[in-house]
Amino acid sequence: MDLCFGLDQTDIPEGLSRARSIMAEPDYMDCDSDEIVKPKKLLNPVKSSRNHQDLHRELLMNQKRGLAPQNKPELQKVMENRKREQVLKAQKEEQEAHKKRSDLEIELMKRRETLEQLELEQHKNEEEQENTPEFVKMKSNLRRTKQEVDGQERTT
């Protein structure tokens with residue numbers, strides 16, 4: 001009987017041979033009869049379906065490319081959604097704050113910008129004056145005093 005499958009008593013482990021001696025062997029294991037149909041493994045209808053094969057092929061290709069779907073824990077998904085919602089809410093509030101500015105606020109912002117520009121210009125002028133040589137400063141002072149004297153003479 002075992003010669004049909006190419007096994008000797010020496011190839012079978014000891015526990016398995018004891019089990020075989022206790023159990024009755026099925027009739028279909030006889031190699032002598034060609035008339036008996038031997039059982040075949042049944043096909044799984046899900047695996048043999050075309051949709052399943054296509055899906056499996058697509059998943060394998062995505063996995064090779066590194067595009068496999070990431071299975072994140074539920075807690076991580078919830079935390080990411082909350083963070084995204086907070087960012088969107090902050091952006092909405094910021095946009096609403098820009099929209100709701102009154103005329104007074106707009107005017108104050110314009111004045112603040114002009115004052116900042118004037119301060120920058122004064123700062124630049126002071127830096128230029130510090131970097132200019134002494135004789136240029138004296139020359140400009142002399143011109144200024146001369147203009148003041150000429151202005152006083154004209155008024156009198």
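**Exercise 1. Is D54 buried, partly exposed or exposed?**

Solution. Start with the scale: buried means under 20% relative accessible area, exposed over 50%, and partly exposed in between (1.4 Å probe, protein chains only). D54 has a relative accessible area of 32%, so D54 is partly exposed.

A word on the model before we go on. This is a predicted model, in which local features need pLDDT of at least 70 and side-chain atom pairs count only at pLDDT 80 or more, while totals for chains, interfaces and linings use all residues. Residues are numbered from 1 along each chain as its sequence is written, and side-chain values use heavy atoms, with hydrogens and water left out.

**Exercise 2. Find the partner of D54 in a salt bridge**.

Solution. The criterion is a side-chain nitrogen of Lys or Arg within 4 Å of a carboxyl oxygen of Asp or Glu. The side chain of D54 meets that of R57, with N to O at 3.0 Å. The structure holds one salt bridge. Next, look at the spacing: R57 and D54 are three residues apart in helix α3, so about one helical turn separates them. In general, an α-helix has 3.6 residues a turn, so residues three or four places apart point the same way. Finally, R57 is partly exposed, at a relative accessible area of 42%.

**Exercise 3. Check the length of helix α3 and inspect its two ends**.

Solution. Helices here are DSSP runs (H or I, at least four residues; strands are E, at least two), numbered from the N terminus. The expected span is 1.5 Å times one less than the number of residues. For the 16 residues of α3 (residues 50-65) this gives 22 Å, and the end C-alpha atoms are 23 Å apart, which agrees. Before the helix, S49 lies in the loop between α2 (45-48) and α3. S49 counts as partly exposed because its relative accessibility is 27%. A polar atom of the S49 side chain lies 3.4 Å from the backbone nitrogen of H52. After the helix comes G66, with a positive phi near 90°.

**Exercise 4. Describe the whole chain and decide where to read with care**.

Solution. Count the elements: six helices and zero strands. Buried residues make up 2% of the 156 residues. Now turn to pLDDT, the predictor's confidence in each residue, from 0 to 100. The chain averages 79, and 78% of the residues score at least 70. Confidence is highest in helix α5 (residues 103-131), at a mean of 90, and lowest in helix α1 (residues 14-22), at 61. Where pLDDT is low, the predicted coordinates should not be read in detail.

Key:
A polar contact is a pair of N or O atoms within 3.5 Å; within protein, one must be able to donate a hydrogen and the other to accept it, and residues adjacent in sequence count only if both atoms are side-chain atoms.
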